[in-house]
Amino acid sequence: MTTSRIAWIAGASSGVGAECARRLARAGMGVALSARRAERLEELAEELRAEGAAVSTVPLDVQHSTSIAQAHERVVRELGPVTDLVAAAGLNAPERHWRDQSMAMFESVIATNLTGVAQLIDQVLPGMRSAGTGTITAVSSFAAWRHSPHAGVAYSASKSALKPLVEMLNTHEQAHGIRACHLCPGDIDTDFLDQRPEVPDAHARSRMLQADDVARAVEFVHTAPARVCVDELVLSPVQGADPLAP
Ligand SMILES: NC(=O)c1ccc[n+]([C@@H]2O[C@H](COP(=O)([O-])OP(=O)(O)OC[C@H]3O[C@@H](n4cnc5c(N)ncnc54)[C@H](OP(=O)(O)O)[C@@H]3O)[C@@H](O)[C@H]2O)c1
């Protein structure tokens, strides 16, 4: 398949990132799959190659800038310049209350959810500027849109900071044809829920967003006409019960 668009997906080994890779590959983009678990990336790559997609697996750790830089260099070498970036890698911890959190974990969450996203964007911007086009999605959280007391201190702070990061990106880079989206999903039935202090059961999960619901929104953002910037998108599961009911 010849592809004029190359999507780099960080966090592609599971959940939302994996579904984004499926959607963007099926939309005709070449896809570069990144995360730490290389074997998961290979399994997904095999599936997508069987469908005719151009795929590279590029393991990385978003907490390390050199790992991101080396991965980006490989993506460009193997597939070509990145036209689309989906930053979906994320981290939380069960210790959500200020009294329980450690500063080491705080730094780790910020390194993954905020600095890691900035580093990924920093890698792709020069190529996007040269090409005069680029679409970026920062997978943030409902917790960045509305205060969510159970989301955790570091997680809420890291995701909330993505909003101004994306706004700055749009302010500074739209003149170069680059657009970015701050994507804020609510609860999604993925492995991420294992990082909660109380892991939801199957019934609770069945009422949540599914990873493909979020990937569908990402596909919408990335396949919109070049004149359209989807600045921010908020998705939440439809509530099954009226919270104000007696
Ligand atoms: N699930 C929810 O309820 C929910 C709600 C709102 C927002 N979100 C956000 O959605 C995004 C995707 O999460 P998900 O729900 O799809 O959960 P998930 O299935 O657990 O996916 C998390 C992804 O992040 C990757 N990752 C974590 N740390 C990394 C690191 N240091 N370097 C590289 N990759 C790393 C993981 O891959 P490896 O472990 O292989 O590295 C995995 O691919 C996250 O940013 C999360 O904050 C989730």
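Colleague: Let me start with a side chain: which residue makes a polar contact with the side chain of Ser 108, and at what distance?

Modeller: Happy to help, and keep in mind that this is a predicted model. The partner is Gln 63, whose side chain is joined to that of Ser 108 by a polar contact of 2.9 Å. Ser 108 itself has its place in helix 4.

Colleague: Is Ser 108 buried or exposed?

Modeller: Residues count as buried when their relative accessible area is under 20%. Ser 108 has 18%, so it is buried.

Colleague: And where does helix 4 sit in the fold?

Modeller: Helix 4 covers residues 103–131, and together with strand 4 and strand 5 it makes a right-handed β-α-β unit. Strand 4 (residues 84–87) and strand 5 run parallel and are joined by 4 bridges. To find the pairing on screen, look for Leu 85, which stands opposite Ile 136 in strand 5.

Colleague: Why is strand 5 described as largely enclosed by the rest of the structure?

Modeller: One way to read this is to count buried residues along the strand. Strand 5 spans residues 134–139, and 6 of its 6 residues are buried, so the rest of the structure largely encloses it. The side chains can then be sorted by direction. Gly 134, Ile 136 and Ala 138 point one way, Thr 135, Thr 137 and Val 139 point the other way, and all of them are buried.

Colleague: Which strand is joined to strand 5 by 6 bridges?

Modeller: That is strand 6, residues 178–185, and the two run parallel. Two pairs help to fix the register: Thr 135 stands opposite Arg 179, and the bridge partner of Ala 138 is His 182.

Colleague: How many residues of strand 6 are buried?

Modeller: Strand 6 is mostly covered, with 8 of its 8 residues buried. From this strand, Ile 178, Ala 180, His 182 and Cys 184 point one way, while Arg 179, Cys 181, Leu 183 and Pro 185 point the other way. Strand 6 also pairs with strand 7 in the parallel sense, over 4 bridges. There, Leu 183 stands opposite Leu 233.

Colleague: What lies in the loop between helix 8 and strand 7?

Modeller: Val 228 is one residue to look at in that loop, which links helix 8 (211–223) with strand 7 (232–235). Its relative accessibility is 29%, so Val 228 counts as partly exposed. It also shows how sequence separation and spatial distance can be read together: Val 228 and Arg 179 are 49 residues apart along the chain, and their C-alpha atoms are separated by 8.2 Å.

Colleague: Let's go towards the N terminus. Which helix does the chain pass through from strand 1 to strand 2?

Modeller: Pairing comes before the crossover here. Strand 1 (residues 6–10) pairs with strand 2 in the parallel sense over 5 bridges, and Ala 7 stands opposite Val 31. The chain crosses between these strands through helix 1 (residues 15–26), and this β-α-β crossover is right-handed.

Colleague: Which strand is joined to strand 2 by 3 bridges?

Modeller: Strand 3, residues 55–57, and it runs parallel to strand 2. Ala 32 has Ser 56 as its bridge partner in strand 3. The path from strand 2 to strand 3 goes through helix 2 (residues 38–50), again as a right-handed β-α-β crossover. As for cover, strand 2 (residues 30–34) has 5 of its 5 residues buried, so it is largely enclosed by the rest of the structure.

Colleague: Now the ligand. Which residues come nearest to the ligand?

Modeller: Of the 30 residues around the ligand, Ser 14, Arg 36, Arg 37, Tyr 155 and Thr 190 come nearest. For polar atoms, check the distances one by one. An N or O atom in the side chain of Ser 14 is 2.8 Å from an oxygen atom of the ligand. A backbone N or O atom of Gly 11 lies 3.1 Å from a ligand oxygen atom, and for a backbone N or O atom of Gly 15 the distance is 3.4 Å.

Colleague: How much of the ligand does the protein bury?

Modeller: The ligand taken alone exposes 870 Å², and the protein buries 95% of that. Helix 1 and helix 5 (153–160) are the elements that give two or more residues to the shell around the ligand. By class, this shell has 13 nonpolar, 11 polar and 6 charged residues.

Terms used. Residues numbered from 1 in each chain as written. Predicted model: local features only at pLDDT ≥ 70, side-chain atom pairs only at ≥ 80, totals over all residues. Heavy atoms only, no water. Buried < 20%, exposed > 50% of the residue type's maximum accessible area, 1.4 Å probe, protein only. Pairing = 2+ DSSP bridges. Right-handed = clockwise from strand over helix to strand, strands pointing away. Near = heavy atom within 4 Å. Polar contact = N/O pair within 3.5 Å; in protein donor to acceptor, adjacent residues only side chain to side chain. Areas by Shrake-Rupley, 256 points an atom, 1.4 Å probe, with all protein chains shown as cover. Nonpolar A, V, L, I, M, F, W, Y, C, P; charged D, E, K, R; others polar.
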